[in-house]
Amino acid sequence: MPDPHALSPPARPAAEPCLIAARLAADATAIPLPLVLHPRRLDRRCASARALAMYLAHVGLGLPMSRVAAGFGRHRSTVAHACRRIEERRESAGWDRWVAALEDDARRLSPPAGAGKTGAGGLHG
């Protein structure tokens, strides 16, 4: 696994729901959060943890793919690909239960839709 101190800093900060999903994925996969949020792909383990985070943000928290893409500094097609990869793995009962538990955690930790910020500040505003 890459040394997080030898890498450039993560892309822009993720929007709060994306950050919640990224933290859950980082904790669940033992990949440091800066590597989950890193602007480059890095190794397979980091990319898989990031895919899980994007899936949790989109499916678990119900964010549109375009918002997830902006939150992770990725293209929308990358988010779609990540979601397909995670969904394909859900055929395994053990993996499905694990991801379902993470989705529940994400929903529990995320503020309800519409709570918090108001106005048109955007994701990073």
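**Exercise 1. Identify the residues at the centre of the largest nonpolar core and the helices that build this core.**

*Solution.* Step 1. The largest nonpolar core contains 35 residues, and those with the most contacts inside it are Val36, Leu52, Ala57, Val68, Phe72, Val79 and Ile86. A nonpolar core is a set of buried Ala, Val, Leu, Ile, Met, Phe, Trp, Tyr and Cys residues joined through side-chain atoms within 4.5 Å. Buried means under 20% relative accessible area, exposed over 50%, and partly exposed in between (1.4 Å probe, protein chains only).

Step 2. At least two residues of this core come from each of helix H1 (16-29), helix H2 (33-36), helix H3 (44-60), helix H4 (65-72), helix H5 (76-89) and helix H6 (93-109). The greatest share is that of H3, with nine residues. Helices (H or I, at least four residues) and strands (E, at least two) are DSSP runs, numbered from the N terminus.

Step 3. Ala57, leaving aside its neighbours within four places in sequence, is in contact (heavy atoms within 4.5 Å) with Cys18, Ala21, Gly62, Leu63, Val68 and Phe72.

*Note on the model.* This is a predicted model, in which local features need pLDDT of at least 70 and side-chain atom pairs count only at pLDDT 80 or more, whereas totals for chains, interfaces and linings use all residues. Residues are numbered from 1 along each chain as its sequence is written, and side-chain values use heavy atoms, with hydrogens and water left out.

**Exercise 2. Find the residues with a positive phi that are not glycine, and state where they lie.**

*Solution.* Step 1. Most residues other than glycine have a negative phi, and most peptide bonds are trans.

Step 2. Ala30 has a positive phi of about 60°. Ala30 is placed in the loop between H1 and H2, and its relative accessibility of 56% makes it exposed.

Step 3. For Leu42, phi is also positive, at about 65°. Leu42 belongs to the loop between H2 and H3 and is partly exposed, at 22% relative accessibility.

**Exercise 3. Trace the network of salt bridges that includes Glu103.**

*Solution.* Step 1. Side chains of opposite charge can pair when their charged atoms come close. A salt bridge is a side-chain nitrogen of Lys or Arg within 4 Å of a carboxyl oxygen of Asp or Glu. The structure holds five salt bridges.

Step 2. One of them joins Arg90 and Glu103, at 2.4 Å from N to O. Arg90 lies in the loop between H5 and H6 and Glu103 in helix H6, so this pair ties together parts that are 13 residues apart in sequence. Arg90 is buried, at 15% relative accessible area, and Glu103 is buried at 8%.

Step 3. Glu103 also forms a salt bridge with Arg107, with the closest N and O atoms 3.0 Å apart. These two residues are four apart in helix H6, which means that about one helical turn separates them.

Step 4. Arg107 in turn forms a salt bridge with Asp104, with the closest N and O atoms 3.4 Å apart. Both lie in helix H6, three residues apart. Arg107 is partly exposed, with a relative accessible area of 42%, and Asp104 is partly exposed at 47%.

Step 5. The complete network of salt bridges links Arg90, Asp96, Glu103, Asp104 and Arg107.
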